Amino acid sequence: MSRGFDEVISKVKSCGMKKIAVAAAQDSAVLEAVREAKAQGIADAVLVGDESKIREIAAGLGMDLSDYRIIDEPDMAQAALTAVKLAHDGEVEMYMKGLCDTKTFLKSVLDKEVGLRTGSPLSHVAVFDIPGYEKLLFLTDVAFMTYPTLEDKANIIRNTVPVCNACGVTMPKVAPLAAVEVVNPKMPATVEGAELTKMCEEGQITGCIVDGPLSLDLAIDPEAAKHKGATNRKIQGDADILLFPDIHAGNLVYKALVHTVPGVKNGCILTGTKVPVILTSRSDTFETKVNSIALAAVVAAELN
């Protein structure tokens, strides 16, 4: 079991360096992350974008570009299509957003001819290394699916289980979260949590243990589980995957962890795609970008 991002990075180093295509690479934060990922033996990169600006930014960073392949494409949308085609064609194992806006980037991911569609819905997973929590915690979906249906939630679980496997978690425990841990017909999240549990028991969702609905405290705090007498539950404060009822709940927990927990580390990828997709925000830290590349690399190694 991988207990933190240090172990994830160690694992990807043992898998051999992967290659990433960056769309609109003329972004200082992304170039810094790419340089660090290469220095750590995580991933090499193909830089697609405005070559003159890429070189100007790299010069300001003191970054040597002699070992990087650069594809000159000043147009943002075309840069995204050029970069995603490299992933589609198997020339690289990962795809990363640079300076282009999220809408343009996602449009390239979903392009019918050169994109990364697999037939599965896309979903986002954020992986957290939290001081005091003994293992990695997988949060989904905090950034992509807004109001997932029951079937969407089942697909989110199916997308997330391979990410857990790549990080060393062989049979992840999935907690479909709600405000309470009992079924209340007036609270749809509780009803769907129970349905997902049943789907897992009947073999419609495999490779994991689902136990819902669960309140957040029962999902992540063994002491709370004891105090509430939840000794009959499959999950007793030891969840691996937190499945949120909607994007609001997920995003609020994500940002609370990022902005209030000292020493927390995280990385994020988009799943349900042909190769792992790194969709970081400009507000994400340098470390988060590097961790996201490392996360994508271990998932890519598992896919190969």
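**Notebook: L295 and strand 1**

I looked up L295 first and found it in helix 11, which covers residues 286-303. I note here that the model is a predicted one.

Next I checked whether L295 is buried or exposed. The relative accessible area of L295 is 0%. Buried means under 20%, so I entered L295 as buried.

Then I asked which residues L295 touches, not counting residues up to four places away in sequence. I wrote down V8, V127, V163, C167, G267, C268 and I269.

I also looked at L295 and P276, which are 19 residues apart along the chain. Their C-alpha atoms are separated by 8.7 Å.

I moved on to strand 1, residues 18-23. I recorded this strand as mostly covered, since five of its six residues are buried.

I then looked for the pairing of strand 1 with strand 2, residues 43-49. The two strands pair in the parallel sense, over six bridges. For one residue I looked up the partner: V22 has L47 of strand 2 as its bridge partner. I followed the chain from strand 1 to strand 2 and passed through helix 2, residues 28-39. I noted this β-α-β crossover as right-handed.

Last, I checked strand 1 against strand 4, residues 94-97. This pairing is also in the parallel sense, and I found four bridges. Which residue of strand 4 is the bridge partner of A23? I found K97.

How values were computed:
Residues are numbered from 1 along each chain as its sequence is written. This is a predicted model: local features need pLDDT of at least 70, side-chain atom pairs count only at pLDDT 80 or more; totals for chains, interfaces and linings use all residues. Side-chain values use heavy atoms; hydrogens and water are left out. Buried means under 20% relative accessible area, exposed over 50%, partly exposed in between (1.4 Å probe, protein chains only). Contact means heavy atoms within 4.5 Å. Two strands pair if DSSP finds at least two bridges between them. A crossover is right-handed if, with the strands pointing away from the viewer, the path from the first strand over the helix to the second runs clockwise.
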